[in-house]
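Q: Can you walk me through this structure? I'd like short answers, please.

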Amino acid sequence: MDFNDTPQEAEYRAKVRAWITDAAKDYEGLPETKSQDEYVARQKSWQKKKYDAGYAGLTWPKAFGGQGLGPMNAIIFGQEESKSAAPTGLYSIGLGMCIPTVFTHGPKAAIERFVPRALEGSEIWCQLFSEPIAGSDLAGVRTKAVRDGDDWIITGQKVWTTFAHLSDYGIIVTRTDPSAPKHKGLTMFIVDMRAPGVDARPLKQMSGGADFNEVFFDGVRVPDAWRIGAVGDGWKAGLTTLMNERLAVGGKPRNSPGWRTLMELAKGIDTEQGPAIERMDVRARIADTYINDEGVKLTQMRALSALSQGRTPGAEQSISKVVVAKTMQDMAAFALDLSESAGFAAGEKDSELARLQGAYMWAAGLRIAGGTDEILRNIIAERVLGLPGDLRPDKDTPFNEIVPL
Amino acid sequence: MNFDFSDDAKTLSETARRMLTDHAGPDAARRIMESDALYDEALWRQVVDLGLTAARVPEAHGGVGLSPEESCILAEEFGRSLAPVPFLSTLLATEAILLGSEAQQARHLPGIADGSTIACYAWGEGANAPAAMPATRAEGGRLTGTKSPVADALAASLAVVTAAGDGGPSLWLVDLRNAGVTPAATLDLVRKHGTITLGDTPGEPLGTADDYQRFLDRAAVILAFEAIGTASAAMEMAVGYAKDRVAFGQRIGRYQGVKHKCADMYIKLELARAHALYGAWAFSADADELRHAAAAARAASLDAVRFAAEENVQLHGGIGFTWDSNCQFYYRRARQISAALGGRAFWADRLVRALEQRNRAA
């Protein structure tokens with residue numbers, strides 16, 4: 001066993017590190033920006049640099065403008081990029097999820113029109129799947145698309161759409177045949193986010209921030225040429241997108257508090273039973289947090305190792321998010337309790353307590369985003385352990401005749 | 001990067017698994033439970049014939065000289081199959097002797113390799129001896145104290161004993177012909193235990209005080225793999241039953257109350273496996289990371305095996321609580337694994353100590 005790069009990996013790492021170090025110099029020391037335009041401008045410029053240097057779409061087929069490289073190349077590039085000052089994130093949804101769906105299922109003309117511009121970063125994309133009534137049960141979407149000559153007319157509401165307000169285009173799952181069973185009556189389209197009738201509004205979360213949007217569609221016209229896959233095949237196209245999402249929403253969020261935070265906090269707290277760091281319940285919680293968070297990291301290392309050896313990673317990665325989100329919630333609650341009333345009073349900006357409070361609020365959402373704890377447990381039980389699926393009484397019923405049990 | 005067992009280790013474990021699937025498992029465990037035999041002698045001969053006791057013994061001492069990875073991966077297979085043989089005991093003693101002098105290795109390892117020596121590892125002293133500081137005393141090369149319960153003590157001729165002298169705790173080798181060994185009843189009815197009574201009994205010191213700590217870490221990693229094997233078998237039994245059993249007109253595996261328990265077994269198991277693999281790496285590389293890697297592996301594996309063993313009974317319902325069900329073997333073995341090397345609280349604290357030390361060093 002070893003944790004070293006293979007010679008080929010080391011060579012690639014050295015090459016991309018040299019390029020990134022030089023190319024990301026422009027962003028060093030830049031203060032975090034409050035301006036949306038400035039944020040987008042920085043992200044666009046970095047994506048363009050990558051595109052021009054041949055570092056965009058690393059794992060995509062060459063036919064779609066990609067580099068045709070293996071997953072380890074993308075991982076190594078990502079690792080080096082994250083160590084630099086380069087501004088990243090805005091393209092994670094579009095290039096990570098939307099465009100692979102477009103070039104896997106979309107018509108040739110649409111691929112030629114959209115893929116290159118997305119890859120060079122001049123157009124930003126979002127993913128319009130979830131609805132107020134269709135979250136975990138995604139195939140229950142009600143946003144409808146009705147055929148009108150060469151166009152379709154879309155009406156409905158989407159929710160939890162990251163970057164909708166910044167996006168030029170999106171992929172949207174709609175119901176085109178309400179008389180078909182729910183998975184069969186869906187169709188996916190590309191939609192122009194600047195078109196008349198599209199209204200993206202920030203959605204304020206219980207944590208106070210607004211990291212997502214709700215998007216309303218009121219008679220929005222989309223050409224049939226922008227249809228992704230056959231009419232009625234929207235579920236199949238959506239699965240391609242979601243497969244890519246599960247890869248993306250994985251580990252512990254960067255810079256989120258963990259076992260070290262709790263250890264440091266406990267060193268500074270005196271309790272009735274003595275210094276908190278010497279209390280066995282505190283030490284046990286530090287150990288539990290370490291075991292879960294580092295266990296997920298090591299599990300991801302196992303997957304990386306498999307990729308590095310040219311094998312397919314095992315199913316074990318499916319545990320990542322379900323472990324990380326609840327561990328963060330439990331650790332934060334424990335730490336806030338340990339701080340007594342100080343853990344309840346709003347923490348000073350940028351203090352450790354404020355970060356813990358933020359993590360506690362955010363964890364509630366993390367347990368839901370990208371697959372709830374419950375759905376993820378179903379997936380582990382059904383896909384990994386081979387247990388039978390839940391009974392789905394609405395599965396074969398025409399969508400417009402479904403009567404809840 | 002290669003964060004996985006070597007192909008050689010995997011091949012050896014497949015060979016072991018085939019043999020153990022045919023000759024070990026719950027039925028073999030039940031036969032030993034219901035007999036007076038200390039272990040399954042026919043199975044033990046096969047284990048020896050397959051060269052498994054020789055795996056870790058250096059070639060110079062009549063063995064095959066394989067790496068720590070082989071110890072780890074074999075421990076998982078023996079844990080999975082509940083094999084009623086003194087393999088884990090002999091393996092842990094082997095790892096201890098490998099920390100001893102060349103002369104000690106030459107004296108004791110050939111017998112282990114050829115199967116003529118069964119060895120055990122004597123740790124337990126009851127509730128009042130701190131896990132890190134044995135009550136058994138070592139003075140002038142002689143040991144005094146009581147070790148109980150000790151797995152396979154009745155079958156063994158040689159024991160590795162933890163004892164404290166003026167220099168703190170360390171490892172000692174004791175020829176059991178010089179000690180009193182009597183049966184000790186435990187919760188695990190398959191793995192037979194004994195009480196070793198040491199009264200001014202001669203012993204050879206084995207390695208240094210540092211080696212004692214190193215041995216605890218290495219043993220923790222090996223036992224983590226045993227626990228992972230046992231937990232996997234309990235999980236497979238539970239999942240198999242959930243696919244088969246019908247209640248309220250459907251397989252019970254369709255109910256989320258059931259499937260989520262199975263998913264949690266898998267989650268705990270994979271967390272334990274990741275830490276144990278890291279431990280196996282640190283053991284093999286003799287890396288400083290071994291201290292915290294071993295502690296995390298031990299604690300996580302105890303969580304995994306306890307949860308799988310408990311919920312396996314629960315998912316079986318009433319039938320799982322009967323004597324005739326195999327659920328009891330995993331439930332009881334989880335207790336044995338936990339008691340074999342200090343419990344979860346000891347290792348959780350040792351983990352945090354190791355992390356604090358690393359933080360200070362960094």
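Q: How far apart are the C-alpha centres of domain 1 and domain 2 of chain A?
A: They lie 29 Å apart. Keep in mind that this is a predicted model.

Q: Which residues does each domain of chain A cover?
A: The domain assignment gives domain 1 as 7-88, domain 2 as 125-247 and domain 3 as 250-368.

Q: What does the UniProt annotation say about residues 6-121 of chain A?
A: An unreviewed UniProt entry annotates that stretch as "domain: Acyl-CoA dehydrogenase/oxidase N-terminal". In the model, residues 6-121 of chain A are 64% helix and 0% strand. The C-alpha atoms at the two ends of the stretch are 32 Å apart.

Q: And how many helices and strands does chain A have?
A: Chain A has twelve helices and ten strands.

Q: Why call chain A as compact as a globular protein of that length?
A: Its radius of gyration is 23 Å, and the globule rule gives 22 Å for 405 residues. Those values are close, so chain A is as compact as a globular protein of that length. Its C-alpha atoms fill a box of roughly 75 × 55 × 45 Å along the principal axes.

Q: What share of chain A is buried?
A: Buried residues make up 39% of the 405 residues.

Q: What about contacts between residues 24 or more positions apart in chain A?
A: Take the contacts with a separation of 6 or more. Pairs 24 or more positions apart account for 69% of them.

Q: Switching to chain B. Where do its domains run?
A: Domain 1 is 7-116, domain 2 is 121-207 and domain 3 is 211-361. The C-alpha centres of domain 1 and domain 3 of chain B are separated by 21 Å.

Q: How many residues of domain 1 and domain 3 of chain B are in contact?
A: There are 21 residues from domain 1 of chain B and 21 residues from domain 3 of chain B.

Q: Which helix gives the most on the domain 1 side?
A: H4(B) does, with eleven residues. By class, that side of domain 1 of chain B has 13 nonpolar, three polar and five charged residues.

Q: Now the two chains. How many residues does each put into the contact?
A: Chain B puts in 36 residues and chain A puts in 38 residues. On the chain B side, H8(B) gives the most, with 16 residues. By class, the chain B side has 22 nonpolar, seven polar and seven charged residues.

Q: Let's zoom in on B:Met265. Where does it lie?
A: B:Met265 is in helix H8 of chain B, residues 256-285.

Q: Buried or exposed, and why?
A: B:Met265 counts as buried because it has 29 C-beta neighbours inside 10 Å. The cut-off for buried is 20 or more.

Q: Which residues does B:Met265 touch, leaving aside neighbours within four places in sequence?
A: B:Met265 is in contact with B:Met235, B:Ala238, B:Phe307, B:Ala308 and B:Glu311.

Q: And what does B:Ala308 touch, with the close sequence neighbours left out again?
A: Its contacts beyond four places in sequence include B:Ala231, B:Ala234, B:Met265 and B:Tyr330.

Q: Last topic. How many residues has the largest nonpolar core?
A: It has 176 residues. B:Ala308 is among those with the most contacts inside it, as are B:Cys262 and B:Leu351. Helix H7 of chain B, residues 209-244, gives the largest share, 21 residues. Another core, of 54 residues, lies apart from it and includes A:Ala56 and A:Met72.

Note on methods:
Residues are numbered from 1 along each chain as its sequence is written. Chains are lettered from A and ligands numbered from 1 in the order in which they are written. This is a predicted model: local features need pLDDT of at least 70, side-chain atom pairs count only at pLDDT 80 or more; totals for chains, interfaces and linings use all residues. Helices (H or I, at least four residues) and strands (E, at least two) are DSSP runs, numbered from the N terminus. A residue is buried if 20 or more other C-beta atoms lie within 10 Å of its own, exposed if 12 or fewer, and partly exposed in between; C-beta atoms are placed from the backbone. Two residues are in contact if their C-beta atoms, placed from the backbone, lie within 7 Å. The radius of gyration is taken over C-alpha atoms; the globule rule is 2.2 Å times the number of residues to the power 0.38. A nonpolar core is a set of buried Ala, Val, Leu, Ile, Met, Phe, Trp, Tyr and Cys residues joined through C-beta atoms within 7 Å. UniProt positions are given in the numbering used here, feature names are shortened, and annotations may be inferred rather than shown by experiment. Ala, Val, Leu, Ile, Met, Phe, Trp, Tyr, Cys and Pro count as nonpolar, Asp, Glu, Lys and Arg as charged, and the others, Gly among them, as polar. Domain bounds come from an automatic or database domain assignment.
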